[in-house]
Amino acid sequence: MEVIIQFGLLAIGFLLLIKGADWFVGGASKIADRFGIPQLIIGLTIVAMGTSAPEAAVSISAAVKNTAENNSAAIAIGNILGSNILNVLLILGITAVIVTIPVQLSTIKYEIPFMIIITCLLAGIGYFKGHLGMIDGILLWFFMILYFVYLIVMARKGQISVGVEEGEIKVNENMFMLLVLLVIGIIAIVAGSNIAVDAATALARIFGMNERLIGLTIVAFGTSLPELITSITAAMKKKADIAVGNIVGSNIFNILFVIGTTSLITDVPYNYSFNFDSIVCIATSFVLFLCVLKKKKLNRVHGGILLCMLVAYYGKLIFY
C-alpha cells in the first residue's frame, strides 16, 4: 500500500512541477512584456530557464534536504545526469524515428561542442573533488553568462530560435491576475519538488535502491517529461527543425544553471559512482555530434542508435 501511495505522490509532484513551470513562464513572460522588456530577452531568460525549472527545483530541494542518514543529494546529481542522457537518447531518439530532424549549423559548430566541454568540466570537478561547492557554482555561472552572451549575439543575427518570437506574447490579463499566476507557479514548483524528492527517497528505501539510481531513472524521466511531450508533438506537426537545438540548450542549462545554482546554495556531494554516468553523458553528447556532423540532420538510423544506447545504459544500471 505504501508503494502505491509513494508512486501517487511522485506523480502529483511531477504534475505540480510541470504545470507550475508552465504557469511561471506564462505569468513571468507576460509581466516582462508589460514592462517593455524585449521578447528576445524574455525568450533567452524566462522561457529558457522555465524549461529547466523542474530539474532545478528537484535538485535544489534534494541537495538542501541531504543529511548523513538521508543521501538525497544523490538525487540532485542523478537527476541532471539522467535528464541530460534521456534528453538526447530518449527524446531525440524517439523524435528522429518519427521524422528526420534538420540541425542548425550553429548547433553543430558551437552548442554541441560547448555541451561536451561543460559536461567534461562537471565530470572533472566531480572526479577530482568529490563534491561541488560555491567556487564551482561561481565557475559554472561564469560559463552560463558566456552562454547568454553567445545566445544574444546569435539571436540578434537570426541564427537561433529563442523560444518566443516577436508578437507571440498576447497580454490580455490584468496585472493582478498575472501576478497570481506567477505566484501560483512558484508555489507549485516548490511544493512539487518537495513532494517528488520525498516520494523518490521513500521509494528508494522501500525497494532497497540507492538514491543515485532513483535520480537517474524515475526522477530524471519525470523532470524530462515537458521536453519529451514538446518534442514528440513538434515532430507529429512536422515542426521538429529546432528540436536538437532546444535539447542541447536544455542540457546546457541543466548543468550551468541548475547545478551551478544548487552549488551556490549548498555543498553538493558527487559520489564516485557518478563517474560512470558522467562518462555516458559525455559519450552520448559525442555520439550526437558525430550523427549530425556530416549530413546536418538526425534520421531514423541515428534515432535507432540513440535508443539502443539508452537500452544498453539502463540495462547496465538495473542489472549490473
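Me: Let's start with the terms: a residue is buried under 20% relative accessible area, exposed over 50%, and partly exposed in between. With that in hand, why is M175 called partly exposed?

Reply: Happy to walk through this predicted model with you. The relative accessibility of M175 is 24%. Buried needs a value under 20% and exposed one over 50%, so M175 falls in between and counts as partly exposed. M175 is in helix α7, residues 175-207.

Me: What does M175 touch, beyond its neighbours within four places in sequence?

Reply: The contacts of M175 are with I31, R34 and F35. M175 also sits 9.3 Å from G27, C-alpha to C-alpha, with their positions 148 residues apart in sequence.

Me: What makes V301 exposed?

Reply: V301 has a relative accessible area of 58%. Exposed means over 50%, so V301 qualifies. V301 belongs to helix α11, which covers residues 300-319. The C-alpha atoms of V301 and T100 are 9.8 Å apart, with 201 residues of separation in sequence.

Me: And how do you know which class K296 belongs to?

Reply: K296 has a relative accessible area of 38%. That value lies between the 20% and 50% limits, so K296 is partly exposed. Its place is the loop between α10 (274-293) and β4 (297-298). There is a backbone detail as well: K296 is not a glycine, yet its phi is positive, at about 55 degrees.

Me: Why is T119 called buried?

Reply: The relative accessible area of T119 is 1%. Buried means under 20%, so T119 meets the condition. T119 is part of helix α5, residues 105-129. Setting aside neighbours within four places in sequence, T119 contacts I255, S278, C281, I282 and S285.

Me: C281 is one of those contacts. How do you know that C281 is in no disulfide?

Reply: A disulfide is a covalent bond between the sulfur atoms of two cysteines. The cut-off for calling one is 2.5 Å between the sulfurs. By this rule the count is zero disulfides. For C281, the nearest cysteine sulfur belongs to C120 and is 9.5 Å away, so the pair does not pass the 2.5 Å limit.

Me: Are C281 and C291 buried or exposed, and what makes them so?

Reply: C281 has a relative accessible area of 3%, and C291 has 11%. Each value is under 20%, so C281 and C291 both count as buried.

Me: What makes T284 buried?

Reply: T284 has a relative accessible area of 1%. With the limit at under 20%, T284 is therefore buried. T284 lies in helix α10. Not counting residues up to four places away in sequence, T284 touches I85, V88, L89 and M309. The C-alpha atoms of T284 and N87 are 10.0 Å apart, and the two residues are 197 positions apart along the chain.

Me: Why does S231 count as buried?

Reply: S231 comes in at 8% relative accessible area. That is under 20%, so S231 is buried. S231 is found in helix α8, residues 211-236. Leaving out residues up to four places away in sequence, S231 is in contact with I91, T95 and I247. The C-alpha atoms of S231 and A243 are 6.2 Å apart, and these residues are twelve apart in sequence.

Me: How do you know that there is a cavity, and what lines it?

Reply: Rolling a probe the size of a water molecule over the atoms shows where empty space is left. To be called a cavity, the space must admit a 1.4 Å probe that cannot get out. The search of the whole structure finds one cavity of 30 Å³ or more, and about 30 Å³ of space lies in the largest cavity. Its lining is made of S59, A76, I77, I259, T262 and V268. Helices α4 (73-98) and α9 (243-265) are the elements that each give two or more residues to that lining. By class, the lining has four nonpolar residues, two polar ones and no charged ones.

Me: What does the protein look like when taken as a whole?

Reply: The secondary structure comes to eleven helices and four strands. Of the 320 residues, 52% count as buried. Among contacts with a separation of 6 or more, 87% join residues 24 or more positions apart. The protein exposes about 14200 Å², and carbon and sulfur atoms supply 71% of that area.

Definitions and conventions:
Residues numbered from 1 in each chain as written. Predicted model: local features only at pLDDT ≥ 70, side-chain atom pairs only at ≥ 80, totals over all residues. Heavy atoms only, no water. 1 Å grid on protein atoms, 1.4 Å probe; cavity = no way out; pocket = protein on both sides within 12 Å on 5 of 7 lines; lining within 4 Å. Points joined across faces, edges and corners; volume = space filled by probe spheres on them. Nonpolar A, V, L, I, M, F, W, Y, C, P; charged D, E, K, R; others polar. Buried < 20%, exposed > 50% of the residue type's maximum accessible area, 1.4 Å probe, protein only. Contact = heavy atoms within 4.5 Å. Areas by Shrake-Rupley, 256 points an atom, 1.4 Å probe, with all protein chains shown as cover.
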